[in-house]
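Reader: Before I rely on any label in a model, I would like to see the number behind it and the cut-off it was judged against. Could we go through the terms in that way?

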Amino acid sequence: MKVIAAYLLAVLGGNKSPSGADLKKILGSVGADADEDRIELLLSQVKGKDITELIAAGREKLASVPAGGGGGVAVAASAGGAAAAPAAEEKKEEKKVEEKEESDDDMGFSLFD
């Protein structure tokens with residue numbers, strides 16, 4: 001990732017075709033190690049290609065990747081129907097009680113006074 005980031009920084013900085021030395025200089029400026037093999041692999045894969053086309057192709061590939069997220073929660077809530085609502089209310093009430101108890105822990109003084 002850091003080699004790709006260095007490549008993109010070089011392109012954004014106006015260098016349309018960054019060399020391995022350019023990428024090493026960018027990585028060295030932030031104290032990151034430059035792996036010669038990864039740099040050469042990246043440069044061989046992007047040689048002669050337009051960066052905007054590469055980014056567009058990458059976005060299309062990422063669009064097909066499942067993101068995970070909270071899909072399981074929605075399914076569980078819709079499957080549970082009315083039974084899920086009381087459970088959610090109980091959790092809210094328990095959380096309110098816990099928050100109230102936590103606020104009493106300071107015993108009337110604060111570390112930041």
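**Labels and their cut-offs**

Reader: Why are H1 and H3 called oblique to each other?

Author: H1 and H3 are called oblique because of the angle between them: they pack at about 55 degrees, with axes 10 Å apart. An angle is roughly parallel under 35 degrees, roughly antiparallel over 145, roughly perpendicular from 65 to 115, and oblique otherwise. The value of about 55 degrees belongs to none of the three named ranges, so oblique is the term for H1 and H3. The axes are lines fitted to C-alpha atoms (for helices, over the stretch in contact), and angles between N-to-C directions run from 0 to 180 degrees. Please keep in mind that this is a predicted model, in which local features need pLDDT of at least 70 and side-chain atom pairs pLDDT 80 or more, while totals for chains, interfaces and linings use all residues. Residues are numbered from 1 along each chain as its sequence is written, and side-chain values use heavy atoms, leaving out hydrogens and water.

Reader: What makes H2 and H3 oblique to each other?

Author: The axes of H2 and H3 (residues 36-46) come within 10 Å and cross at roughly 130 degrees. That angle lies above the perpendicular range and does not pass the antiparallel cut-off, so H2 and H3 are again oblique.

Reader: How many helices and strands does the protein have?

Author: The protein has six helices and zero strands, where helices (H or I, at least four residues) and strands (E, at least two) are DSSP runs numbered from the N terminus. Along the sequence, the pattern therefore reads α-α-α-α-α-α.

Reader: What makes the contact between the side chains of Glu 36 and Lys 24 a salt bridge?

Author: A salt bridge needs a side-chain nitrogen of Lys or Arg within 4 Å of a carboxyl oxygen of Asp or Glu. For Glu 36 and Lys 24 the N to O distance is 2.2 Å, so this Lys and Glu pair meets the requirement. Glu 36 lies in H3 and Lys 24 in H2, so the pair ties together parts that are 12 residues apart in sequence. In general, side chains of opposite charge can pair when their charged atoms come close.

Reader: How do you know that the side chains of Arg 38 and Asp 35 meet in a salt bridge?

Author: Their N to O distance is 3.3 Å, which is also within the limit, so Arg 38 and Asp 35 qualify. A search of the whole structure finds two salt bridges.

Reader: Is Arg 38 buried or exposed?

Author: Buried means under 20% relative accessible area, exposed means over 50%, and partly exposed is in between (1.4 Å probe, protein chains only). Arg 38 has 57% and is therefore exposed, whereas its partner Asp 35 has 35% and is partly exposed. In the other bridge, Glu 36 at 33% is partly exposed, and Lys 24 at 36% is partly exposed as well.

Reader: Why does Val 11 count as buried?

Author: Val 11, which is placed in H1, has a relative accessibility of 15% and therefore falls under the cut-off for buried. Buried residues make up 12% of the 113 residues in the protein. Val 11 is 40 residues from Ile 51 in sequence, with 8.1 Å between their C-alpha atoms.

Reader: What makes Lys 16 exposed?

Author: Lys 16 has a relative accessible area of 72%, so it counts as exposed. Lys 16 is found in the loop between H1 and H2 (20-29), and 8.8 Å separates its C-alpha from that of Ile 51, although the two are 35 residues apart in sequence.

Reader: How do you know that Met 1 counts as exposed?

Author: Met 1, in the segment before H1 (2-12), has a relative accessibility of 82%, so it passes the cut-off for exposed.
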